[in-house]
Amino acid sequence: MSQTLRLGVAVVGNITSVSLYAAPITTFKRVIRKKSTEEFSCIPYIIGLLNCLLFTWYGLPVVSKKWENFPLVTVNGVGIVLEFSYVLIYFCYASSKGKAKVAMVAIPVLVVFCITAIVSAFVFHDNAHRKKLVGSIGLVVSVTMYGSPLVAMKKVIQTKSVEFMPLPLSLCTFLATTLWLIYGVLIRDIFVAGPSIIGIPLSILQLILHCKYRKRNVVKEPNKEDLEKVELEKLNLEMENVEKNVTIHKNGNL
């Protein structure tokens with residue numbers, strides 16, 4: 001029964017976590033469409049990439065005992081692909097200053113992961129110590145990842161707009177952190193459950209801000225049909241002005 005419960009929570013946790021990692025797709029469609037990163041920050045995605053790298057490594061048999069943490073490998077493997085894609089798209093459309101910021105944050109992040117992987121694989125020779133090392137670093141990074149939206153929350157409070165804090169991301173964060181807390185308790189792994197202790201309250205705070213400021217969001221951009229209608233009205237107005245000028249000119253000649 002307990003094994004079935006753990007498996008069920010792991011499966012649902014995987015689904016919600018993949019949804020969490022996929023939530024920024026709409027944000028990056030906007031970035032590609034506008035060819036600008038606007039006010040979006042690259043930091044949550046770079047920290048998210050490091051988190052996925054660490055917990056994929058944590059779940060592999062090199063660190064964990066055989067495949068006891070296989071659910072971590074599957075969900076974070078997908079997360080690596082998505083988070084790397086977001087960082088790459090951000091880098092492509094960022095300004096020169098933005099590109100420099102991406103490099104300044106991403107390079108140390110990759111260095112941290114490489115050092116952690118090398119030390120855990122070659123310095124420690126048993127799973128217990130490897131899990132403590134990788135899990136401790138992963139715990140800190142996960143807390144940082146769940147705390148990174150604090151920047152967005154500050155902007156929401158200042159602008160009274162949730163434009164740059166997408167609701168799907170906040171909702172998926174709440175569901176994913178809740179499920180991984182349950183899963184971590186079931187398998188008695190503090191490194192799996194620990195990040196959710198911070199993640200759940202922060203995600204609830206994000207949802208509260210959405211409820212408070214959702215009606216004060218900025219006016220949405222006009223679609224193509226609206227723009228064509230405005231252009232047609234302008235053209236008609238110009239034609240009317242031309243006709244009036246011709247009529248006035250004729251009357252003047254008479």
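1. A good place to start is one helix pair. In α1, the residues Leu-5, Arg-6, Val-9, Ala-10, Val-12, Gly-13, Asn-14, Thr-16, Ser-17, Ser-19 and Leu-20 make contact with Leu-169, Cys-172, Thr-173, Leu-175, Ala-176, Leu-179, Trp-180, Ile-182, Tyr-183 and Leu-186 of α8. By type, the residues of this contact split into 14 nonpolar, 6 polar and 1 charged. Please keep in mind as you read on that this is a predicted model.

2. Now the geometry of that pair. Helix α1 covers residues 2-22 and helix α8 covers residues 167-186; their axes are 8 Å apart and the packing angle is about 155°. Angles over 145 degrees count as roughly antiparallel, and α1 and α8 are therefore roughly antiparallel to each other. The crossing of α1 past α8 is left-handed.

3. You may like a quick check on α1 itself. With 21 residues at 1.5 Å a residue, α1 should span 30 Å, and its end C-alpha atoms are indeed 30 Å apart, so the two values agree.

4. Which residues of α1 are buried? They are Val-9, Ala-10, Gly-13, Asn-14, Thr-16, Ser-17, Leu-20 and Tyr-21. The cover over these buried residues includes α3 (43-59), α4 (70-93) and α8. Several of the buried residues, including Val-9, Ala-10 and Gly-13, also appear in the contact of α1 with α8.

5. Helix α4 brings us to a second pair. Helix α2 spans residues 25-34, and its axis comes within 10 Å of the α4 axis, with a crossing of roughly 20°. Angles under 35 degrees count as roughly parallel, and α2 and α4 are therefore roughly parallel to each other. Here, too, α2 passes α4 in a left-handed crossing.

6. What meets what between α2 and α4? From α2 come Ile-25, Phe-28, Val-31 and Ile-32, and from α4 come Tyr-86, Ile-89, Tyr-90 and Tyr-93. The residues of this contact are 8 nonpolar, with no polar and no charged ones. Tyr counts as nonpolar in this division, which is worth remembering when you look at the α4 side.

7. Next, a look at the loop between α3 and α4, where Ser-64 lies. Is Ser-64 buried or exposed? Its relative accessibility is 0%, so Ser-64 counts as buried. Leaving aside residues up to four places away in sequence, Ser-64 touches Tyr-58, Gly-59, Asn-69, Asn-127 and Lys-131.

8. Lys-66 is also found in the loop between α3 and α4. Although Lys-66 is not a glycine, its phi is positive, at about 50°. With a relative accessible area of 65%, Lys-66 is exposed, whereas Ser-64 counts as buried.

9. Another lysine to inspect is Lys-35, placed in the loop between α2 and α3. Lys-35 is not a glycine either, yet it has a positive phi of about 55°. Its relative accessibility of 62% means that Lys-35 counts as exposed. If you are checking backbone torsions, both Lys-35 and Lys-66 belong on your list.

10. Finally, the chain as a whole. How many helices and strands does the protein chain have? There are 10 helices and 0 strands, so the order of elements from the N terminus reads α-α-α-α-α-α-α-α-α-α. Of its 254 residues, 38% count as buried. Among contacts with a separation of 6 or more, 77% come from residues 24 or more positions apart.

Notes:
Residues numbered from 1 in each chain as written. Predicted model: local features only at pLDDT ≥ 70, side-chain atom pairs only at ≥ 80, totals over all residues. Heavy atoms only, no water. Axes fitted to C-alpha atoms, helices over the stretch in contact; angles between N-to-C directions. Helix = DSSP H or I, 4+ residues; strand = E, 2+ residues; numbered from the N terminus. Parallel < 35°, antiparallel > 145°, perpendicular 65-115°, else oblique. Left-handed = near helix turned anticlockwise from the far one by under 90°. Contact = heavy atoms within 4.5 Å. Expected span 1.5 Å × (residues − 1). Buried < 20%, exposed > 50% of the residue type's maximum accessible area, 1.4 Å probe, protein only.
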